[in-house]
Amino acid sequence: MSRYEDDSLALHTDLYQINMAETYWHDGIHTKKAVFELYFRKLPFGNGYGIFAGLEKIVDYLEKFHFTESDIGYLRDLGYQEDFLSYLKDMRFTGTLKSMNEGELVFANEPILRVEAPLAEAQIIETALLNIVNYQTLIATKASRIKQVLGEETAMEFGSRRAHEMDAAVWGTRAAYIGGFDATSNVRAGKLFGIPVSGTHAHALVQTYQDEYTAFHKYAERHRDCVFLVDTYDTLKSGVPSAIQVARELGDQINFIGIRLDSGDMAYLSKEARKMLDDAGFEDAHIVASNDLDEYTIMNLKAEGAKIDIWGIGTKVITAYDQAALGAVYKLVSIEDDSGIMKDRIKLSANPEKVTTPGLKRVYRIVNKISGKAEGDYIALDNEEPQMEEKLKMFHPVHTFISKFVTDFEARELHDYIFVNGVRVYDLPDIETIRRLAKENLKLLWNEYKRALNPEEYPVDLSQNCWDNKMKNIEAAKIQHHCLVQKR
Ligand SMILES: Nc1ncnc2c1ncn2[C@@H]1O[C@H](COP(=O)(O)OP(=O)(O)OP(=O)(O)O)[C@@H](O)[C@H]1O
Ligand SMILES: O=P(O)(O)OC[C@H]1O[C@H](OP(=O)(O)OP(=O)(O)O)[C@H](O)[C@@H]1O
Ligand SMILES: O=C(O)c1cccnc1
């Protein structure tokens, strides 16, 4: 272990952020107001929408943000000089943060967060903000995608043993709960976040007592709610019959919730087990399934008519198995000049999707008042008021000929102020409120955007002014930097 105490998260950043902050400080521009936006460029898993998670942890990180003695000691040992270190020692987050609420639907290329802060502060916090949002939003989105396939059926999160270490297990299961999962097996996550905890038992219990009847009986002597794991030896010949026998013998002394299948052909086994349970009079008993499940195996099992109604899902949700990272970025869009005026900043790229959109902006969800469904998201400059318009032109920001006019709409601004000049002005909602918000938000989307396979692309458009401003900035940057970026 290190000789430095692990007593802060301020150094949970990339070295280059500190070196850039030092450069700004040395040049005297470190307090210039800078505006950064955090967004991703492509939805994960081929999904049609994302679910934002991560704000609660960001708020905690920013409130506690400061370099401790041990941080400063370590930076000193790395060779940073005392004048810069004494500046860092006093650094706190003094900026303004606007953010979507957790549980909000989020799409590619729209700012999830906007940081307006002294340049050096805004720079140093980049890594932690991206770290938090990239993981939690990825898991909330994966969970929601799985939940779309399950409908109202229960999803239990079982992934702690496979998560990428302990922090990921608890924050990941919180994200999965926001995305619509119903409970977790992780007891610490239950304690920390108030997520319902639930679980069955493992093969070890049966192996310990050696026969299923004894194992189930012993478990039931001490636990009222019982789900018996029936696949340790032979699911249909010994597991299910033993579960039925114990449930019959103990009758009302226990709450026989059902059985769990964890291997074999779960379509076939669930159908056979269902018949056996029904024939024994346990029509209300549930069949839980687990074992490397994800949205694809679940769709397949459902297509086969599997009689599973509770799903235990671990590895594939908590690790976002089919896509390791979300790929959100944090880009400078505006900075104060020497006379205190905010000036746009742009990053060019030969790839039109990677050209940033400069300026201070707001994101609106355009909801059709008649259908109650979202028409798309609309990114406008800070001083625009799309909610006052009668008729809104929405057009694709790259393929501009794809356009439509919207009338009779409500423009809902998606960001709230979280911090203003370093002071928190936002009360964090409880987890149930966040989860409910995610569920309500999904009702705004037509089903075509929600299907797991090849969903329709939800429009995220720029206002005419925002688009014109971007074009103006592209031209200016090309002239200024003599570059030959091709306009496609
Ligand atoms: N009817 C089915 N259709 C599609 N996939 C299924 C079906 N039944 C089970 N599966 C999936 O097939 C995979 C089987 O995995 P695997 O071979 O590791 O398990 P197993 O042999 O059943 O059990 P064990 O975990 O004890 O090795 C799992 O991902 C499971 O969810
Ligand atoms: O498959 P997941 O979606 O991650 O769900 C969690 C898995 O964890 C447990 O078994 P474990 O993997 O520890 O052992 P086993 O599969 O060999 O029984 C459980 O029985 C599930 O199969
Ligand atoms: O409660 C369970 O059945 C459970 C918990 C964690 C992992 N696998 C199963």
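In this predicted model, strand 11 and helix 14 (315-318) each contribute at least two residues to the shell around ligand 2. That shell holds 15 residues, and the closest of them are Phe-158, Asp-262, Ser-290, Gly-314 and Thr-315. Sorted by class, the surroundings of ligand 2 comprise three nonpolar, seven polar and five charged residues.

Ligand 3 can be described in a similar way. Around ligand 3 stand Phe-158, Ser-185, Gly-199, Thr-200, Arg-260, Ser-290, Gly-312 and Gly-314. By class, the shell of ligand 3 is made up of one nonpolar, six polar and one charged residues. Phe-158, Ser-290 and Gly-314 appear both among the closest residues to ligand 2 and in the list for ligand 3.

Strand 11, already met at ligand 2, belongs to an open sheet of six strands in the order 7-6-11-10-9-8, with parallel pairing. The edges of this sheet are taken by strand 7 (183-184) and strand 8 (225-229); each has a single partner strand, so one side of each is left without a neighbour in the sheet. Within the sheet, strand 6 (residues 154-157) runs parallel to strand 11 (residues 310-313), and four bridges join the two. One residue pair can be picked out here: Glu-157 has Ile-313 of strand 11 as its bridge partner.

It is helpful to place these elements in the wider architecture. The protein is divided into domain 1, which covers 15-140 + 324-487, and domain 2, which covers 141-319. Taken over C-alpha atoms, the centres of domain 1 and domain 2 are separated by 39 Å. The contact between them involves 22 residues of domain 1 and 22 residues of domain 2. On the side of domain 1 that touches domain 2, the elements giving two or more residues are strand 2 (50-51), helix 6 (126-150) and helix 15 (431-442). Helix 6 provides the largest share of this side, with six residues. By class, the side of domain 1 that touches domain 2 has 12 nonpolar, five polar and five charged residues.

A second open sheet is formed by four strands in the order 18-14-15-21, and here the pairing is mixed. Strand 18 (409-413) and strand 21 (460-462) stand at its edges with a single partner strand each, so one side of each lacks a neighbour in the sheet. From one strand to the next, the twist averages 30 degrees. Strand 14 (residues 361-368) and strand 15 (residues 374-381) pair in the antiparallel sense, with seven bridges between them. In this pairing, Val-363 stands opposite Ile-379 of strand 15. Helix 16 (residues 464-481) lies across strand 14, strand 15 and strand 21, and runs at about 50 degrees to strand 15.

Finally, the database annotation can be set beside the computed geometry. In an unreviewed entry, UniProt lists residues 11-134 as "domain: Nicotinate phosphoribosyltransferase N-terminal". This span, 11-134, is 45% helix and 17% strand, and its end C-alpha atoms lie 18 Å apart. For residues 361-469, UniProt gives "domain: Nicotinate phosphoribosyltransferase C-terminal", again from an unreviewed entry. The span 361-469 is 17% helix and 38% strand, with its end C-alpha atoms 11 Å apart.

Conventions:
Residues are numbered from 1 along each chain as its sequence is written. Chains are lettered from A and ligands numbered from 1 in the order in which they are written. This is a predicted model: local features need pLDDT of at least 70, side-chain atom pairs count only at pLDDT 80 or more; totals for chains, interfaces and linings use all residues. Two strands pair if DSSP finds at least two bridges between them. A residue is near a molecule or strand if its C-beta atom, placed from the backbone, lies within 6 Å of it. Ala, Val, Leu, Ile, Met, Phe, Trp, Tyr, Cys and Pro count as nonpolar, Asp, Glu, Lys and Arg as charged, and the others, Gly among them, as polar. UniProt positions are given in the numbering used here, feature names are shortened, and annotations may be inferred rather than shown by experiment. Axes are lines fitted to C-alpha atoms, for helices over the stretch in contact, and angles run from 0 to 180 degrees between N-to-C directions. Two residues are in contact if their C-beta atoms, placed from the backbone, lie within 7 Å. Domain bounds come from an automatic or database domain assignment.
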